[in-house]
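User: I have just opened my first protein structure. Could you show me how to read it, one feature at a time?

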Amino acid sequence: MTNVPHDLFTQSALDSLREQAPLAARLRPRTIDDIIGQRHLLGASGPLRRLIESDRLSSIILWGPPGTGKTTIAEVIAAATKREFVRLSAVTSGVKDVREVIDAAQRRLGEHQRRTIVFVDEIHRFNAAQQDSLLPAVEAGLITLVGATTENPFFEVNAPLRSRSTLLRLEPLSPDDIGDLLDRGAQVEGATLAAEARTLIVERSGGDGRQALTSLEVAIALAPEKRVDVAHAEAALSTSALRYGRNDHYDVISALIKSMRASDEKSALFWLARMIEAGDDPRFIARRLIVFASEDVGLADPTSLTVAVAAATAVEHVGLPEARYNLAHAVMHLAGAPKSRAVTDAIEAARESLLRGASIEVPEHLRDGNTPQGSVIPARRYD
């Protein structure tokens, strides 16, 4: 019997898994040029591209919405720099796991002169002890940390670890980027994608590339002979394209805001229902209600901000369809509340005064009484 090298079995298994993997995983880029979106970081003169290509990358934290390429970028960095790529899950890994990875990185560097990238997904879920366990290795340059998070690292990542890392903000993919991604996916699957179906998935993806590809994969599975039309896209998205035209998103939110501003509760609820039934992101609606509470109601009813924030919190905890009650609660309160632009006018007046050259020196009677006269007041950090 012929002896087949073990690595051939390993490659065969990887190929088999790749064929069965979700479309988003199969389309994951392997080079910088394959990555769609994030041109401010990875474009021809992008800072991250320059650091990767020169192999001078230090520890970084990638933060941004889901489906914007955080994991993809980490894997491409490892491939481009020929470093060992080790993945840690902030959900399942403890301090012991972190120390084992660091010990292995030290051996790898000493024995093979090969550096290690440690990728920590959802790094904001690491507690203080877990984050601190990374510090010595990051500071010494023993490992290159690539952290990924959907949360603002200024609030969720320890200051010592954050100060030793470069923070890079990833943006939601643009409609053109999502369209290109769908075209790639359809080509890989050997499917045809009708223009209306493509437009619907682009509009409903919210800049999330992974969600767009998952929706496409479901639509293809539903389509006979892999010919995806708008009905298949609607079924995959569990929403109706007929209720929401291409430009309606901004028109309808405008109608909701103007109806509340006019204290027209019935109309405001109608436009809220239309947004929900059309599949709009309830978090977007909640954010607009929070803005309205201060911008249009303000001091005339200070409880309005509390109601709007509570509705946004409820959306996160409950989700649709039940969260429609929470949103309706807030809309009815805001529509019925007295209106005042005092808050908006006041901050705009202060901003205008600043821009027109008002003195920024703090008057003597307003200064910190504990600061010795003539000394320099250091800038404070609000991390």
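User: What percentage of the 383 residues of the protein count as buried?

Analyst: Let's start with a caution: this is a predicted model. Of the 383 residues, 41% count as buried. A residue counts as buried when its relative accessible area is under 20%.

User: How many helices and strands does the protein have?

Analyst: The secondary structure comes to 19 helices and seven strands. Five strands form an open sheet.

User: In what order do the strands of that open sheet lie?

Analyst: To read a sheet, follow its strands from neighbour to neighbour. Here the order is 2-3-4-1-5, and the pairing is parallel. Strand 2 and strand 5 (166-169) are the edge strands, each pairing on one side only. From one strand to the next, the twist averages 20 degrees.

User: Which strands pair with strand 4?

Analyst: Strand 1 (residues 60-63) pairs with strand 4 in the parallel sense over four bridges, and strand 3 (residues 116-121) pairs with strand 4, also in the parallel sense, over six bridges. Now look at single residues. Alanine 148 in strand 4 is the bridge partner of leucine 62, and alanine 148 is also the bridge partner of aspartate 121. Threonine 116 stands opposite isoleucine 143 in strand 4.

User: Is strand 4 largely enclosed or exposed?

Analyst: For this, check the residues of the strand one by one. In strand 4 (residues 143-149), seven of the seven residues are buried, so the strand is largely enclosed by the rest of the structure. Its residues point two ways: Ile143, Leu145, Gly147 and Thr149 go one way, Thr144, Val146 and Ala148 go the other, and all are buried.

User: Which helix joins strand 3 and strand 4 in a β-α-β unit?

Analyst: In such a unit, look for a strand, a helix and another strand. Strand 3, helix 7 (residues 128-140) and strand 4 make one, and the unit is right-handed. Another helix to find is helix 6 (residues 95-112), which lies across strand 2, strand 3 and strand 4 and runs at about 175 degrees to strand 2.

User: How many aromatic pairs are there?

Analyst: The count comes to two aromatic pairs. In one of them, the ring centres of phenylalanine 85 and phenylalanine 119 are 5.9 Å apart and the planes are at 25 degrees, so the pair is stacked; planes under 30 degrees apart count as stacked. Phenylalanine 85 lies in strand 2 (residues 84-89) and phenylalanine 119 in strand 3, so the pair ties together parts that are 34 residues apart in sequence. Phenylalanine 85 counts as partly exposed because its relative accessibility is 24%, whereas phenylalanine 119, at 0%, counts as buried.

The rings of phenylalanine 270 and tryptophan 271 have centres 4.9 Å apart and planes at 80 degrees, so this pair is edge-to-face. Phenylalanine 270 is exposed, with a relative accessible area of 51%, while tryptophan 271 is partly exposed at 24%.

User: Which residue has its charged end over the ring of tryptophan 63?

Analyst: Here you look at a charged group and a ring together. The charged end of arginine 169 sits over that ring, 4.6 Å from the ring centre.

User: Finally, what percentage of the contacts with a separation of 6 or more comes from residues 24 or more positions apart?

Analyst: Residues 24 or more positions apart account for 72% of those contacts in the protein.

Terms used. Residues numbered from 1 in each chain as written. Predicted model: local features only at pLDDT ≥ 70, side-chain atom pairs only at ≥ 80, totals over all residues. Heavy atoms only, no water. Buried < 20%, exposed > 50% of the residue type's maximum accessible area, 1.4 Å probe, protein only. Helix = DSSP H or I, 4+ residues; strand = E, 2+ residues; numbered from the N terminus. Pairing = 2+ DSSP bridges. Right-handed = clockwise from strand over helix to strand, strands pointing away. Phe/Tyr/Trp six-rings, centres within 6.5 Å; stacked < 30°, edge-to-face > 60°. Lys NZ or Arg CZ within 6 Å of the ring centre and 35° of its normal. Axes fitted to C-alpha atoms, helices over the stretch in contact; angles between N-to-C directions. Contact = heavy atoms within 4.5 Å.
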